[in-house]
Amino acid sequence: MTVAFSPLIPWSVLALLALAALLLAVLGLWRGMRGAVLRMVALAALCLALANPVLQQEERQPLPTVVAVVVDRSQSQENGDRIQMTDRALTELKERLSRFPQVETRIVEAADDGETEAPSTRLFSALTTALADVPPARVGGAVFITDGQIHDVPEINRPLGFDAPVHGLITGRAGEFDRRVETVAGPRFGIVGEEQTVTYRVIDDGPAPGGAAEVTISLNGAVIATENAEPGADVPFTFTVPRGGNNILEFAASPLAGEVTQANNRAVRIIDGIRENLRVLLVSGEPHAGERAWRNLLKSDAAVDLVHFTILRPPEKQDGTPINELSLIAFPTRELFVEKVNEFDLIIFDRYQHRGVLPIIYYDNIAQYVENGGALLIAAGPEHAGQDSIATTPLASVLPAMPTGYVSETGFFPRLSEEGRKHPVTRGLEGAGSEPPAWGRWFRSIDVDRPLGQTVMEGADGKPLLVLNRVGKGRVAMLLSDQGWLWARGVEGGGPSVSLYRRTAHWLMQEPALEEEALTAKVTGRTIEISRQTIGDDPGTATLTSPSDVVTEARLVEDTPGLYKAEVRSTETGLFEIANGDLSTLVHVGSVDAPEFKATVSTEETLRPFAEKTKGLVTRVADAAVPPILPVRGSVRVADDQRLTIRMTDETVLKGIASFPLFGGFAGLAAVLLMISATWYREGR
C-alpha cells in the first residue's frame, strides 16, 4: 500500500500557493495573531486537498520459480543400463519438484537431431534454449541428468545467464572402464598400388585391467593383419592401396571383459584410391579401320599411358628389304612380354595372329600374367578363325572360347543377352532398350564354341559377340567382331562404341563399380543407400548391423535389371556392417571422429566445477534415489551435500491497483470547511 499524489492544478502553481500559505502562517505566528495555528492548519489542508493525495493498493501474484531439467538422450546414454537410470531419476525428480506449487519444471531432452555429421552431447546449448524466455531472477536452478560426457561445456568463468545452483545427476557406475581405438594420422588419398601409412592408438579409459591389445586390421572387409598394441602408444601401419575409389581401413581392438561398450573398439579410416596413369599395351596385327577406334579411345583418356604397335609386315613376307629397314621402331618383344609384361594394366590384341613375331614361350608368359591378376582383351577378326589364330598357342589356356573356324558375313544388330541386361559393363547402353536396338548394324562376327564366363552381347542368331571371363586372379574379354568401328564412324546411325569399349577396359582392370556381383553402400546425411549388383536372381534382403549390434533387415528392390537398392534411415552414428549372402561391406554414418564415441566412461568431473561455483550438488544415481529438494529464499550461500538447493524467486506480476483519494469527495470538502470554520470561530472570540 502506497500514497501517491494526483494534483488538481499544476505543481508549479500549487508550489506558489503553498509558499504564500507558509508566509502567511509564519507572519501570523510571529505577530501572535489569534487563531494563527488554526489558520496554518486550514491553509495546509487546502494545499493538501489541491495536491489530491491518493492511497494506492497493488494486487500482485507471485511468479513461479523456474527449474530447468536437462535430460541427456545422446547415444552414449544407451550403454549399459543408463537409459533405465535416466528414466528413474527423471521420474523421481519430477515427483519431488511437484511438491512445490511455486516451482515450474521445464524438461528438455537433448538428443542427436539425426542430421549432424559429427554427433555430440550439447546439454548447455539445450539449457540456454530452455531458459531463453525466462528472466534470470526467476531461475531457481538447473539439473542435468547425464553420464557426464558433455561436449559443449563453456568456460568456468563464463556466466551462464542466471545466478542459481547447477546440479548433476550422473548415470553410469563408479569405476567404469572402456577401451577404444582411434586413428591419429593418415592420408586422405592414396595412389593405387603404392604404400600408405596410417597411425592408430588404443586408449584404455578408467581403471582398465591394462595389457597389450590385439588389433585386427581389415581392408575393405578382408583381414590383412593382426598386431599387438600397447594402450596409449601411437602405432604406424603400412599397407598398399588396392583399388580406386573408397577404401575402408578398419582397426578393431580386442574387447575388455566388463567394459562399457564395444562400439568404439573399432575405428575406420577412409582413403580414396587414385589410379596413377594406367599402362595399356595395344598390339594390332595389321592396319585396319578398327585400329583407329581403339587408339582414339585410349589416347583420349588422360589417365592412360598407351604403348601401341602395329605389325605392318609379317616376317614371312620376303621382298629383299634389309631387316634394319623393316620398321621405324623395332618391336621390343622380349622387353614387353618378358621383362615388363607385369607392369601393364591391360594388354589388347587387336586382330592379332600368330605369324612368328612372338615366340611361343611369350604366349605362355601372357597366360601367366593373366592368371596372376593381369587383364587381356582379344578384339578378333577373320584371322582368329584361321590356322594362325592365337587360340592355337599356349594363350588358349586363358581364352573363354575357341573358334570353330567359321566367319559370318551377315549384317546383324548387336543385342544384349539376358546376362548383358544385368551386367554393369553393358547394362543401360544407350539404344539397347528398343527392338531392334537404336544403333547401327555390324557385318562380320567370328563363330566360337560354347564360351565360359558371361556372354553379355550376342550377334546374328544369338551367337556370342562379347564374352567376359575370370581366369585365376585376372580377367579376359573377347570381342568376336572387328566391326565396332562402324559405331564410331556413325554408320547407320552409329552406336555407343565409346561406352562399350571404355566399360569393357575398366572391367578388365577390375574397376569396383563394374563388378557383376557387388554389394556397396553410401551415406547421404543419415540415410544409408544400399546397392546390390547381381547377374543372378533376386538377392532378397540385406542385413545391417549397427554400432550397438542392433540387427535390422532391408528389402532389396529391383531398380534396373541386375541392380537392387534399399534405403535405411539411421538413428545411430558409427560403422555399419551390411551383408547379403556371401557379400558384405562397411559404411560409416557421420563423422569418423565424432566426439560422441571418443569417450564413454561416465564422469562427475565435467559438471563438478559448475556445481562448486554455484553451490550445487553432483551425485550418482545408479544405486541411490534422487536427493530431496531444499528451497532457499535469497542467494544460495552454502552448498548442501545431501540436497538439491533451489533458489526461490521473489518476483511477482501486477494484477491490478485499487486507488482511494484521501481528500476527494465530501470527506475532503468537510475537512477543509471544518478547519476554516474553526479558524473563524477562534478569531471571532
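The lining of the largest cavity in this predicted model is made up of eight nonpolar residues, one polar residue and two charged residues. The residues concerned are Leu278, Val280, Leu297, Leu298, Asp301, Val304, Leu346, Arg502, Ala505, His506 and Met509. Three elements each contribute two or more residues to this lining, namely β15 (278–284), α5 (289–299) and α10 (497–508). The largest share, three residues, is supplied by α10. The volume enclosed by the largest cavity is about 80 Å³.

In the structure as a whole, a search identified three cavities of 30 Å³ or more. Such empty space is revealed by rolling a probe the size of a water molecule over the atoms. The second largest cavity holds about 70 Å³ of space. A total of 14 residues line the second largest cavity, and those nearest its centre are Trp294, Asp350, Ser481, Asp482 and Tyr501. By character, the lining of the second largest cavity comprises six nonpolar, five polar and three charged residues. Here α5 makes the greatest contribution, with three residues.

Aromatic contacts were examined next. Eleven aromatic pairs were found in the structure. One of them joins phenylalanine 237 and phenylalanine 239, whose ring centres are 6.3 Å apart; because their planes meet at 10 degrees, the pair is classed as stacked, the cut-off for this class being under 30 degrees. Both phenylalanine 237 and phenylalanine 239 are buried. These two residues also belong to a cluster, linked by ring pairs, that includes Tyr200 and Phe251.

A further stacked pair is formed by tryptophan 294 and tyrosine 501, with 4.1 Å from centre to centre and 5 degrees between the planes. Since tryptophan 294 is located in helix α5 and tyrosine 501 in helix α10, this pair ties together parts of the protein that are 207 residues apart in sequence. Tryptophan 294 and tyrosine 501 are both buried. As noted above, Trp294 and Tyr501 are also among the residues nearest the centre of the second largest cavity.

Charged side chains were likewise found over aromatic rings. Arginine 279 is positioned over the face of phenylalanine 344, at 4.9 Å from the centre of the ring. In another such arrangement, the charged end of arginine 475 lies over the ring of tryptophan 507, 4.9 Å from the centre of that ring.

How values were computed:
Residues are numbered from 1 along each chain as its sequence is written. Side-chain values use heavy atoms; hydrogens and water are left out. On a 1 Å grid over the protein atoms alone, a cavity is a set of points where a 1.4 Å probe fits but cannot get out, and a pocket is an open set with protein on both sides within 12 Å along at least five of seven lines; lining residues have an atom within 4 Å of a point. Grid points are joined across faces, edges and corners, and a volume is the space filled by probe spheres set on the points. Helices (H or I, at least four residues) and strands (E, at least two) are DSSP runs, numbered from the N terminus. Ala, Val, Leu, Ile, Met, Phe, Trp, Tyr, Cys and Pro count as nonpolar, Asp, Glu, Lys and Arg as charged, and the others, Gly among them, as polar. Rings of Phe, Tyr and Trp (its six-membered ring) pair if their centres lie within 6.5 Å; planes under 30 degrees apart count as stacked, over 60 as edge-to-face and the rest as tilted. Buried means under 20% relative accessible area, exposed over 50%, partly exposed in between (1.4 Å probe, protein chains only). A charge sits over a ring if NZ of Lys or CZ of Arg is within 6 Å of the ring centre and within 35 degrees of the ring normal.
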